[in-house]
Amino acid sequence: MFIDSEDIKRVIPEVIKIRRHIHMYPEISEHEYETSKYIKKCLEEIGLEAKIIGDTGVVAMLMNNPEYPTVGLRAEMDALPIEEETNLEFKSKNKGVMHACSHDGIVATALGVTRLLYEHKDELKCNVKFIFEPAEEVGKGAKKLIAEKVLENPKVDKMVIFHYANSEPIGMEIQKSVSTATLGRVGIEIIGKSSHWGEPEKGINAISVSAKAIDAIDKINIDLKEKMQFVLGMGTINGGVKNNIMAENVKLEGTLRTFCEENFEYVLTYLQDRMKEIEEETNATIKVTLISHLPALINNPDLVKMGSEVGKEIFGDRFVLGEKPFLAGDNAAYYFRLVPGVRMVFFAEKENEQNWPLHNGKFDFNEDIFPYAVCTLYNLISTMD
(Lines give C-alpha, C1' and ligand atoms only; values in the text may rest on other atoms or scores of the structure.)
Protein backbone atom coordinates (compact mmCIF):
# COMPACT_ATOMS: atom_id res chain seq x y z
CA MET A 1 0.00 0.00 0.00
CA PHE A 2 1.27 3.49 -0.83
CA ILE A 3 0.39 6.90 0.59
CA ASP A 4 -1.56 7.88 -2.52
CA SER A 5 -3.66 4.70 -2.52
CA GLU A 6 -7.44 4.99 -2.35
CA ASP A 7 -7.49 3.19 1.01
CA ILE A 8 -5.15 5.75 2.57
CA LYS A 9 -7.01 8.68 1.06
CA ARG A 10 -10.25 7.33 2.49
CA VAL A 11 -9.10 6.90 6.11
CA ILE A 12 -7.06 10.12 6.55
CA PRO A 13 -10.07 12.45 6.98
CA GLU A 14 -11.28 10.11 9.72
CA VAL A 15 -7.82 10.16 11.35
CA ILE A 16 -7.80 13.97 11.35
CA LYS A 17 -11.34 14.11 12.76
CA ILE A 18 -10.44 11.72 15.60
CA ARG A 19 -7.22 13.57 16.38
CA ARG A 20 -9.00 16.91 16.63
CA HIS A 21 -11.80 15.51 18.78
CA ILE A 22 -9.34 13.97 21.24
CA HIS A 23 -7.29 17.18 21.23
CA MET A 24 -10.37 19.19 22.22
CA TYR A 25 -11.17 16.94 25.17
CA PRO A 26 -7.84 15.97 26.77
CA GLU A 27 -7.63 14.09 30.05
CA ILE A 28 -4.63 13.73 32.34
CA SER A 29 -2.96 10.46 33.28
CA GLU A 30 -5.17 7.92 35.10
CA HIS A 31 -8.26 10.05 34.41
CA GLU A 32 -8.81 9.20 30.72
CA TYR A 33 -12.39 8.06 31.30
CA GLU A 34 -14.11 9.83 28.39
CA THR A 35 -11.12 9.23 26.10
CA SER A 36 -11.27 5.48 26.71
CA LYS A 37 -15.03 5.44 26.05
CA TYR A 38 -14.49 7.32 22.79
CA ILE A 39 -11.72 4.95 21.67
CA LYS A 40 -13.87 1.93 22.55
CA LYS A 41 -16.71 3.38 20.47
CA CYS A 42 -14.38 3.96 17.50
CA LEU A 43 -13.11 0.38 17.66
CA GLU A 44 -16.62 -1.02 17.81
CA GLU A 45 -17.64 1.09 14.82
CA ILE A 46 -14.77 -0.52 12.89
CA GLY A 47 -16.16 -3.93 13.78
CA LEU A 48 -13.97 -5.06 16.68
CA GLU A 49 -14.96 -6.04 20.17
CA ALA A 50 -13.19 -3.68 22.58
CA LYS A 51 -12.90 -3.68 26.35
CA ILE A 52 -11.64 -1.25 28.95
CA ILE A 53 -8.88 -2.63 31.17
CA GLY A 54 -6.80 -1.14 33.97
CA ASP A 55 -9.54 1.47 34.63
CA THR A 56 -8.89 3.57 31.51
CA GLY A 57 -6.91 1.44 29.07
CA VAL A 58 -8.56 -0.04 25.98
CA VAL A 59 -7.72 -3.26 24.15
CA ALA A 60 -9.18 -4.90 21.05
CA MET A 61 -8.19 -8.08 19.23
CA LEU A 62 -8.14 -8.83 15.52
CA MET A 63 -7.97 -12.62 15.55
CA ASN A 64 -7.38 -14.21 12.18
CA ASN A 65 -5.97 -17.60 13.10
CA PRO A 66 -4.94 -18.99 16.52
CA GLU A 67 -1.88 -20.48 14.81
CA TYR A 68 -0.65 -17.06 13.66
CA PRO A 69 1.70 -14.90 15.75
CA THR A 70 0.18 -11.84 17.41
CA VAL A 71 1.52 -8.32 16.87
CA GLY A 72 0.79 -5.65 19.46
CA LEU A 73 0.28 -2.04 18.35
CA ARG A 74 0.53 0.36 21.29
CA ALA A 75 -0.85 3.91 21.35
CA GLU A 76 -0.65 6.31 24.33
CA MET A 77 -3.77 8.29 25.19
CA ASP A 78 -3.13 10.63 28.16
CA ALA A 79 -2.65 14.40 28.06
CA LEU A 80 -0.57 16.76 30.19
CA PRO A 81 -1.46 19.27 32.93
CA ILE A 82 -0.55 22.20 30.67
CA GLU A 83 -2.69 25.20 29.70
CA GLU A 84 -2.98 25.30 25.90
CA GLU A 85 -1.70 28.49 24.27
CA THR A 86 -2.37 27.73 20.61
CA ASN A 87 -4.96 29.38 18.36
CA LEU A 88 -6.17 26.10 16.90
CA GLU A 89 -9.84 25.80 16.00
CA PHE A 90 -9.85 22.53 17.95
CA LYS A 91 -8.07 23.98 20.98
CA SER A 92 -8.49 22.18 24.32
CA LYS A 93 -11.82 22.81 26.05
CA ASN A 94 -10.53 21.39 29.34
CA LYS A 95 -8.82 24.13 31.30
CA GLY A 96 -5.26 23.39 32.31
CA VAL A 97 -5.06 20.18 30.26
CA MET A 98 -3.56 19.76 26.79
CA HIS A 99 -2.32 17.15 24.36
CA ALA A 100 1.16 18.63 24.13
CA CYS A 101 2.94 15.35 23.35
CA SER A 102 1.08 14.19 20.22
CA HIS A 103 -0.85 11.39 21.96
CA ASP A 104 -3.99 12.70 20.25
CA GLY A 105 -2.32 12.04 16.89
CA ILE A 106 -0.99 8.68 18.01
CA VAL A 107 -4.45 7.42 19.02
CA ALA A 108 -5.97 8.71 15.78
CA THR A 109 -3.24 7.11 13.68
CA ALA A 110 -3.59 3.78 15.46
CA LEU A 111 -7.34 3.82 14.83
CA GLY A 112 -6.77 4.56 11.14
CA VAL A 113 -4.35 1.64 10.94
CA THR A 114 -6.85 -0.51 12.81
CA ARG A 115 -9.52 0.18 10.20
CA LEU A 116 -7.21 -0.74 7.31
CA LEU A 117 -5.99 -3.92 8.98
CA TYR A 118 -9.57 -4.95 9.74
CA GLU A 119 -10.67 -4.32 6.16
CA HIS A 120 -7.71 -6.35 4.84
CA LYS A 121 -7.68 -9.00 7.57
CA ASP A 122 -7.95 -11.85 5.06
CA GLU A 123 -4.57 -10.83 3.64
CA LEU A 124 -2.75 -10.90 7.00
CA LYS A 125 -0.49 -13.66 8.29
CA CYS A 126 -0.71 -12.40 11.85
CA ASN A 127 -3.21 -11.48 14.52
CA VAL A 128 -3.15 -7.92 15.87
CA LYS A 129 -3.80 -6.72 19.40
CA PHE A 130 -4.56 -3.00 19.60
CA ILE A 131 -3.42 -1.55 22.92
CA PHE A 132 -4.43 1.97 23.96
CA GLU A 133 -2.37 2.80 27.01
CA PRO A 134 -3.27 5.28 29.76
CA ALA A 135 -0.86 7.02 32.14
CA GLU A 136 2.17 6.87 29.87
CA GLU A 137 3.20 10.40 30.86
CA VAL A 138 3.59 9.34 34.49
CA GLY A 139 5.29 6.04 33.63
CA LYS A 140 2.53 3.84 35.05
CA GLY A 141 0.49 2.69 32.06
CA ALA A 142 2.63 -0.15 30.75
CA LYS A 143 3.07 -1.80 34.16
CA LYS A 144 -0.64 -1.48 34.83
CA LEU A 145 -1.62 -3.12 31.54
CA ILE A 146 1.03 -5.84 31.91
CA ALA A 147 -0.50 -6.64 35.31
CA GLU A 148 -3.86 -6.85 33.53
CA LYS A 149 -2.25 -9.49 31.25
CA VAL A 150 -2.45 -7.35 28.10
CA LEU A 151 0.50 -9.30 26.64
CA GLU A 152 -1.29 -12.62 27.17
CA ASN A 153 -4.41 -14.46 25.91
CA PRO A 154 -3.25 -14.51 23.18
CA LYS A 155 0.41 -13.98 23.82
CA VAL A 156 1.88 -10.94 22.05
CA ASP A 157 4.88 -12.10 20.01
CA LYS A 158 6.05 -8.75 18.58
CA MET A 159 5.31 -5.15 19.40
CA VAL A 160 5.20 -1.92 17.41
CA ILE A 161 5.10 1.54 18.97
CA PHE A 162 5.55 4.99 17.47
CA HIS A 163 5.72 8.66 18.30
CA TYR A 164 5.47 12.07 16.64
CA ALA A 165 7.91 14.97 16.88
CA ASN A 166 7.94 18.35 15.17
CA SER A 167 11.67 19.00 15.30
CA GLU A 168 12.32 18.09 11.65
CA PRO A 169 10.46 18.13 8.29
CA ILE A 170 8.27 15.15 7.42
CA GLY A 171 10.39 12.03 7.80
CA MET A 172 10.99 8.96 9.92
CA GLU A 173 13.69 7.54 12.19
CA ILE A 174 14.35 4.22 13.88
CA GLN A 175 17.24 3.73 16.30
CA LYS A 176 19.48 0.73 15.69
CA SER A 177 19.42 -0.32 19.33
CA VAL A 178 18.67 1.97 22.28
CA SER A 179 15.77 4.24 21.35
CA THR A 180 14.90 6.10 24.55
CA ALA A 181 16.80 6.90 27.72
CA THR A 182 16.91 5.26 31.09
CA LEU A 183 15.59 7.96 33.34
CA GLY A 184 14.84 8.67 36.94
CA ARG A 185 12.82 11.17 38.91
CA VAL A 186 15.27 12.59 41.42
CA GLY A 187 14.41 14.35 44.66
CA ILE A 188 16.75 16.49 46.73
CA GLU A 189 15.64 17.53 50.23
CA ILE A 190 17.67 20.18 52.05
CA ILE A 191 17.20 20.49 55.80
CA GLY A 192 18.65 23.59 57.42
CA LYS A 193 17.71 25.39 60.60
CA SER A 194 15.03 28.05 60.85
CA SER A 195 15.68 31.39 62.50
CA HIS A 196 14.32 34.91 62.52
CA TRP A 197 16.12 36.96 59.88
CA GLY A 198 16.94 39.41 62.66
CA GLU A 199 19.34 36.73 63.98
CA PRO A 200 20.63 35.01 60.81
CA GLU A 201 23.72 33.67 62.58
CA LYS A 202 21.50 31.28 64.51
CA GLY A 203 20.11 29.50 61.47
CA ILE A 204 21.14 27.50 58.40
CA ASN A 205 19.48 28.91 55.29
CA ALA A 206 18.15 26.02 53.23
CA ILE A 207 17.43 28.37 50.31
CA SER A 208 21.08 29.45 50.11
CA VAL A 209 22.12 25.80 50.31
CA SER A 210 19.71 24.97 47.49
CA ALA A 211 21.44 27.61 45.35
CA LYS A 212 24.73 25.79 45.92
CA ALA A 213 23.07 22.50 44.99
CA ILE A 214 21.73 23.95 41.74
CA ASP A 215 25.13 25.41 40.88
CA ALA A 216 26.68 22.00 41.54
CA ILE A 217 24.17 20.32 39.22
CA ASP A 218 24.97 22.81 36.46
CA LYS A 219 28.68 22.08 36.97
CA ILE A 220 28.08 18.30 36.83
CA ASN A 221 26.45 18.77 33.42
CA ILE A 222 29.55 20.64 32.25
CA ASP A 223 32.15 18.38 33.87
CA LEU A 224 30.74 15.10 32.54
CA LYS A 225 29.50 16.18 29.10
CA GLU A 226 32.64 14.86 27.37
CA LYS A 227 32.41 11.54 29.22
CA MET A 228 28.82 10.57 28.34
CA GLN A 229 25.52 11.78 26.98
CA PHE A 230 23.12 12.60 29.80
CA VAL A 231 20.86 15.25 31.28
CA LEU A 232 20.54 16.13 34.96
CA GLY A 233 18.21 18.97 35.79
CA MET A 234 15.76 20.20 38.41
CA GLY A 235 12.20 21.02 37.38
CA THR A 236 10.66 22.19 40.67
CA ILE A 237 11.85 23.90 43.85
CA ASN A 238 9.76 24.55 46.93
CA GLY A 239 10.69 25.91 50.34
CA GLY A 240 10.24 28.49 53.04
CA VAL A 241 7.19 29.55 55.04
CA LYS A 242 7.40 33.33 55.56
CA ASN A 243 9.39 36.32 54.36
CA ASN A 244 11.01 37.04 57.73
CA ILE A 245 11.85 33.42 58.59
CA MET A 246 15.00 31.73 57.37
CA ALA A 247 13.89 28.65 55.42
CA GLU A 248 14.51 25.34 57.16
CA ASN A 249 13.39 23.06 54.32
CA VAL A 250 13.72 23.18 50.56
CA LYS A 251 12.72 20.36 48.22
CA LEU A 252 13.82 20.04 44.61
CA GLU A 253 12.63 17.51 42.04
CA GLY A 254 14.11 16.86 38.65
CA THR A 255 15.23 14.28 36.16
CA LEU A 256 18.30 12.21 35.34
CA ARG A 257 18.50 10.72 31.84
CA THR A 258 21.24 8.55 30.35
CA PHE A 259 21.53 5.90 27.65
CA CYS A 260 22.53 2.98 29.86
CA GLU A 261 22.21 1.84 33.47
CA GLU A 262 25.94 2.07 34.07
CA ASN A 263 26.01 5.78 33.21
CA PHE A 264 22.84 6.35 35.20
CA GLU A 265 24.41 4.90 38.35
CA TYR A 266 27.63 6.83 37.72
CA VAL A 267 25.90 10.23 37.48
CA LEU A 268 23.60 9.50 40.42
CA THR A 269 26.57 8.58 42.60
CA TYR A 270 28.46 11.66 41.36
CA LEU A 271 25.48 13.81 42.40
CA GLN A 272 25.25 12.17 45.82
CA ASP A 273 28.98 12.71 46.44
CA ARG A 274 28.72 16.38 45.49
CA MET A 275 25.77 16.88 47.83
CA LYS A 276 27.79 15.34 50.68
CA GLU A 277 30.49 17.94 50.04
CA ILE A 278 27.90 20.73 50.28
CA GLU A 279 26.59 19.18 53.51
CA GLU A 280 30.04 19.42 55.04
CA GLU A 281 30.48 22.97 53.76
CA THR A 282 27.13 24.31 55.06
CA ASN A 283 26.19 22.04 58.00
CA ALA A 284 22.84 21.39 56.33
CA THR A 285 21.47 17.89 55.79
CA ILE A 286 20.90 16.91 52.14
CA LYS A 287 19.00 13.79 51.13
CA VAL A 288 19.11 12.59 47.51
CA THR A 289 16.30 10.20 46.62
CA LEU A 290 15.57 8.25 43.44
CA ILE A 291 11.78 8.57 43.43
CA SER A 292 11.18 6.49 40.31
CA HIS A 293 13.28 4.80 37.65
CA LEU A 294 12.44 3.83 34.07
CA PRO A 295 14.73 1.56 31.99
CA ALA A 296 15.96 2.34 28.50
CA LEU A 297 13.89 1.11 25.57
CA ILE A 298 15.90 -1.16 23.27
CA ASN A 299 14.76 -2.04 19.75
CA ASN A 300 14.88 -5.61 18.49
CA PRO A 301 17.40 -5.88 15.58
CA ASP A 302 15.16 -8.04 13.39
CA LEU A 303 12.25 -5.61 13.76
CA VAL A 304 14.60 -2.68 13.15
CA LYS A 305 15.52 -4.29 9.84
CA MET A 306 11.87 -4.83 8.89
CA GLY A 307 10.90 -1.31 9.94
CA SER A 308 13.83 0.19 8.05
CA GLU A 309 12.86 -1.55 4.82
CA VAL A 310 9.31 -0.19 5.07
CA GLY A 311 10.54 3.23 6.13
CA LYS A 312 12.83 3.52 3.11
CA GLU A 313 9.99 2.43 0.84
CA ILE A 314 7.63 5.11 2.16
CA PHE A 315 9.99 7.98 3.00
CA GLY A 316 12.95 7.43 0.67
CA ASP A 317 15.93 9.56 1.74
CA ARG A 318 13.82 11.09 4.52
CA PHE A 319 14.16 7.83 6.44
CA VAL A 320 17.03 7.67 8.96
CA LEU A 321 18.44 4.65 10.75
CA GLY A 322 19.69 6.44 13.83
CA GLU A 323 22.70 5.75 16.02
CA LYS A 324 21.90 8.34 18.70
CA PRO A 325 18.99 7.58 21.06
CA PHE A 326 16.46 10.15 22.22
CA LEU A 327 16.80 11.53 25.75
CA ALA A 328 13.06 11.09 26.18
CA GLY A 329 11.73 8.14 28.15
CA ASP A 330 8.99 5.65 27.34
CA ASN A 331 7.50 3.15 29.76
CA ALA A 332 7.02 0.82 26.78
CA ALA A 333 10.49 -0.32 27.82
CA TYR A 334 8.64 -2.67 30.19
CA TYR A 335 6.85 -4.30 27.26
CA PHE A 336 10.13 -4.60 25.36
CA ARG A 337 11.70 -6.45 28.28
CA LEU A 338 9.08 -9.17 27.73
CA VAL A 339 8.41 -8.97 23.99
CA PRO A 340 10.67 -8.03 21.05
CA GLY A 341 9.60 -4.64 19.74
CA VAL A 342 10.45 -1.62 17.63
CA ARG A 343 9.86 2.07 18.27
CA MET A 344 9.70 4.50 15.37
CA VAL A 345 9.50 8.28 15.32
CA PHE A 346 7.64 10.25 12.66
CA PHE A 347 8.76 13.85 12.16
CA ALA A 348 6.09 16.41 11.39
CA GLU A 349 7.48 19.93 11.37
CA LYS A 350 5.02 22.64 10.30
CA GLU A 351 6.53 24.45 7.31
CA ASN A 352 7.17 28.19 7.49
CA GLU A 353 6.01 28.36 11.10
CA GLN A 354 7.67 28.39 14.48
CA ASN A 355 7.55 24.88 15.90
CA TRP A 356 7.24 24.75 19.67
CA PRO A 357 8.72 21.74 21.50
CA LEU A 358 6.94 18.82 23.12
CA HIS A 359 5.36 19.62 26.50
CA ASN A 360 4.96 23.29 25.56
CA GLY A 361 1.59 25.05 25.65
CA LYS A 362 2.03 26.07 22.00
CA PHE A 363 2.97 22.61 20.71
CA ASP A 364 1.43 21.37 17.47
CA PHE A 365 2.53 19.19 14.57
CA ASN A 366 1.91 18.89 10.84
CA GLU A 367 -1.09 16.65 10.09
CA ASP A 368 0.37 16.02 6.63
CA ILE A 369 2.37 13.25 8.33
CA PHE A 370 -0.74 11.10 8.81
CA PRO A 371 -0.84 9.34 5.42
CA TYR A 372 2.88 8.49 5.69
CA ALA A 373 2.54 7.16 9.24
CA VAL A 374 -0.63 5.17 8.59
CA CYS A 375 0.87 3.64 5.47
CA THR A 376 4.15 2.77 7.20
CA LEU A 377 2.46 1.09 10.15
CA TYR A 378 0.01 -0.79 7.95
CA ASN A 379 2.76 -2.02 5.60
CA LEU A 380 4.97 -3.12 8.51
CA ILE A 381 2.30 -5.04 10.39
CA SER A 382 0.75 -6.56 7.26
CA THR A 383 4.12 -8.12 6.32
CA MET A 384 4.68 -9.73 9.74
CA ASP A 385 4.22 -13.47 10.14
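How do the residues of the lining of the largest pocket divide into nonpolar, polar and charged? I would like to open with that question, and the answer is that the lining holds 20 nonpolar, 16 polar and twelve charged residues. Before I go on, please keep in mind that what we are looking at is a predicted model, and that the values I quote are computed from it.

Let me stay with this pocket for a moment. The space in the largest pocket comes to about 1,400 Å³. Its lining is made up of 48 residues, and if you want to find the centre on the screen, look for Glu-137, Leu-183, Arg-257, Gly-329 and His-359, which are the closest to it. Several strands take part in this lining, and at least two residues each come from S5 (158-165), S8 (182-191), S9 (230-239), S10 (249-258), S11 (285-294) and S14 (341-347).

Now to the second largest pocket, which has a volume of about 280 Å³. Here 14 residues form the lining, and those nearest the centre are Lys-51, Val-59, Met-61, Lys-129 and Asn-153. Two strands, S1 (50-53) and S2 (57-62), each contribute at least two residues to the lining of this second pocket. When we sort the residues of that lining by type, we find seven nonpolar, one polar and six charged.

Let me step back to the chain as a whole. It contains nine helices and 14 strands. The radius of gyration is 23 Å, which is close to the 21 Å that the globule rule gives for 385 residues, and the chain is therefore as compact as a globular protein of that length. If we take the principal axes, the C-alpha atoms fill a box of roughly 80 × 45 × 40 Å. Of the 385 residues, 53% are buried.

Next, the salt bridges. How many salt bridges does a search of the whole structure find? The search finds 29 of them, and I will take you through three examples with some care.

The first example joins Asp-104 and Arg-19, whose closest N and O atoms are 2.9 Å apart. Asp-104 sits in helix H3 (residues 103-119) and Arg-19 in helix H1 (residues 6-24), so this pair ties together parts of the chain that are 85 residues apart in sequence. Both of these residues, Asp-104 and Arg-19, are buried.

The second example is the salt bridge between Lys-202 and Glu-199, where the closest N and O atoms are 3.0 Å apart. Are these partners buried or partly exposed? Lys-202 counts as partly exposed because its relative accessibility is 45%, and Glu-199 also counts as partly exposed, at 35%.

The third example is formed by the side chains of Lys-350 and Asp-364, with a distance of 2.8 Å from N to O. Both residues lie in the loop between S14 and helix H9 (370-382), so the pair ties together parts that are 14 residues apart in sequence. Why does Lys-350 count as buried? The limit for buried is under 20% relative accessible area, and Lys-350 has a relative accessibility of 19%. Asp-364 is buried as well, with a relative accessible area of 8%. Salt bridges that share partners join Arg-19, Arg-20, Asp-104, Lys-350, Glu-353, Asp-364 and Glu-367 into one network, and you will recognise among these names both partners of the Asp-104 and Arg-19 bridge.

It is also worth setting distance along the sequence beside distance in space. Asp-364 and His-120 are 244 residues apart in sequence, and their C-alpha atoms are 32 Å apart in space. Arg-74 and Met-159, on the other hand, are 85 residues apart in sequence, with 7.5 Å between their C-alpha atoms. Arg-74 is found in strand S3 (residues 70-76), and this residue is buried, with a relative accessible area of 0%.

Finally, a word on cysteines. A disulfide is a covalent bond between the sulfur atoms of two cysteines. How many disulfides does the structure hold? The number is zero. We can still look at where individual cysteines stand: Cys-42 is buried, with a relative accessible area of 8%, whereas Cys-260 counts as partly exposed, at 29% relative accessibility.

Conventions. Residues numbered from 1 in each chain as written. Predicted model: local features only at pLDDT ≥ 70, side-chain atom pairs only at ≥ 80, totals over all residues. Heavy atoms only, no water. 1 Å grid on protein atoms, 1.4 Å probe; cavity = no way out; pocket = protein on both sides within 12 Å on 5 of 7 lines; lining within 4 Å. Points joined across faces, edges and corners; volume = space filled by probe spheres on them. Helix = DSSP H or I, 4+ residues; strand = E, 2+ residues; numbered from the N terminus. Nonpolar A, V, L, I, M, F, W, Y, C, P; charged D, E, K, R; others polar. Salt bridge = Lys/Arg side-chain N within 4 Å of Asp/Glu carboxyl O. Buried < 20%, exposed > 50% of the residue type's maximum accessible area, 1.4 Å probe, protein only. Disulfide = S-S within 2.5 Å. Rg over C-alpha atoms; globule rule 2.2 N^0.38 Å.
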